[in-house]
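Trainee: I am new to this model. Please take one part of it and look at it closely with me. Explain what surrounds that part as you go.

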Amino acid sequence: MENPEKNTERFVQTVIRTIVTTTIIAVIVILLHVFPSGERSKLTIFAIIWSAVFCIVFGGHWLELLFIDQIKFSLPKNILMLYFIRIAYWFLCSIPLFFMADLIIKLFSNNTAHLGHWWTFGFFYIGIQLLMHAIMHIRFKKSFYNGVY
């Protein structure tokens, strides 16, 4: 049976959208002074933040597609159970994304930087996903809020 929700976006579109999203997030993080700069230039800090955020956004996109295209249809049809599983899935997905981003930050900053705790990032990642799905819901697209997309 063909999956009616299967992603049909071209790879180039995904990469362009990811680059734009990553750049916007990195600029916001720079403006909020969330990441300690030390003696590094703003351009260096931007490159570090951009690379780490790109790992999270691009990797998160593919993990979302894995859920939508493969995992979702093998789950029970109980809506409350789907909500719970989706949130747990986001938390589990945050773990490899955290370690990828942390590795990128350590490579660029000579092991002086650290993203924090992986489990804290997990809750933050769930919040990010809920926000992104709220934006999709407001734009009348399929989202977590209208059918656990």
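Mentor: What follows is a close look at the packing of H3 against H4, set among the other helix contacts.

Keep in mind that this is a predicted model. Begin with the whole. The protein chain has four helices and zero strands. Along the sequence, the pattern reads α-α-α-α. The C-alpha trace spans about 55 × 30 × 25 Å along its principal axes. There are 149 residues in the protein chain, and 34% of them are buried. The accessible surface is about 9400 Å². Carbon and sulfur atoms account for 73% of that surface. Now count contacts between residues at least 6 apart in sequence: 63% of them join residues at least 24 apart.

How do we describe a helix pair? Two packed helices are described by the angle between their axes and the distance between those axes.

Now the main part. Helix H3 covers residues 79–108. Helix H4 covers 118–138. The two pack at an angle of about 120 degrees, and their axes are 8 Å apart. Roughly perpendicular ends at 115 degrees, and roughly antiparallel needs over 145. H3 and H4 are therefore oblique to each other. The crossing of H3 with H4 is right-handed.

Which residues make this contact? On the H3 side, find Arg-86, Ile-87, Trp-90, Phe-91 and Cys-93. Then continue along H3 to Ser-94, Ile-95, Leu-97, Phe-98 and Phe-99. On the H4 side, start with Trp-118, Trp-119, Phe-121, Gly-122 and Phe-123. Go on to Tyr-125, Ile-126, Gln-129, Leu-130 and His-133. Sorted by class, this contact has 15 nonpolar, four polar and one charged residues.

Two methionines of H3 are worth finding next. Met-81 lies in H3. Is Met-81 buried, exposed or partly exposed? Its relative accessible area is 38%, so Met-81 is partly exposed. The C-alpha atoms of Met-81 and Gly-60 are 22 Å apart, with their positions 21 residues apart in sequence. Met-100 is also placed in H3. Its relative accessibility is 37%, so Met-100 counts as partly exposed. Measure by eye from Met-100 to Phe-11: 89 residues apart in sequence, and 21 Å apart from C-alpha to C-alpha.

Follow the chain past H4. There you reach Phe-140, in the segment after that helix. Phe-140 has a positive phi of about 60 degrees, although it is not a glycine. Phe-140 counts as exposed, because its relative accessibility is 79% and the cut-off for exposed is over 50%.

H4 has another partner. H2 and H4 pack at about 70 degrees, with their axes 13 Å apart. That angle makes H2 and H4 roughly perpendicular to each other. From H2, the contact takes Ile-56, Gly-60 and Glu-64. From H4, it takes Phe-121, Tyr-125, Gln-129 and His-133. The residues divide into three nonpolar, three polar and one charged. Look back at the H3 contact: Phe-121, Tyr-125, Gln-129 and His-133 of H4 are among its residues too.

H2 also packs with H1. Helix H1 runs over residues 11–32, and helix H2 over residues 42–71. Their axes come within 8 Å and cross at roughly 135 degrees. That angle makes H1 oblique to H2. This crossing, too, is right-handed. By class, the contact of H1 with H2 holds 17 nonpolar, six polar and two charged residues.

End with one residue of H2. Val-53 lies in that helix. Its relative accessible area is 12%, so Val-53 is buried. What does Val-53 touch, leaving aside neighbours within four places in sequence? Thr-22 and Ile-25 are its contacts. Val-53 and Ile-25 are 28 residues apart in sequence, yet their C-alpha atoms are 7.5 Å apart in space.

Key
Residues numbered from 1 in each chain as written. Predicted model: local features only at pLDDT ≥ 70, side-chain atom pairs only at ≥ 80, totals over all residues. Heavy atoms only, no water. Axes fitted to C-alpha atoms, helices over the stretch in contact; angles between N-to-C directions. Parallel < 35°, antiparallel > 145°, perpendicular 65-115°, else oblique. Left-handed = near helix turned anticlockwise from the far one by under 90°. Nonpolar A, V, L, I, M, F, W, Y, C, P; charged D, E, K, R; others polar. Buried < 20%, exposed > 50% of the residue type's maximum accessible area, 1.4 Å probe, protein only. Contact = heavy atoms within 4.5 Å. Areas by Shrake-Rupley, 256 points an atom, 1.4 Å probe, with all protein chains shown as cover.
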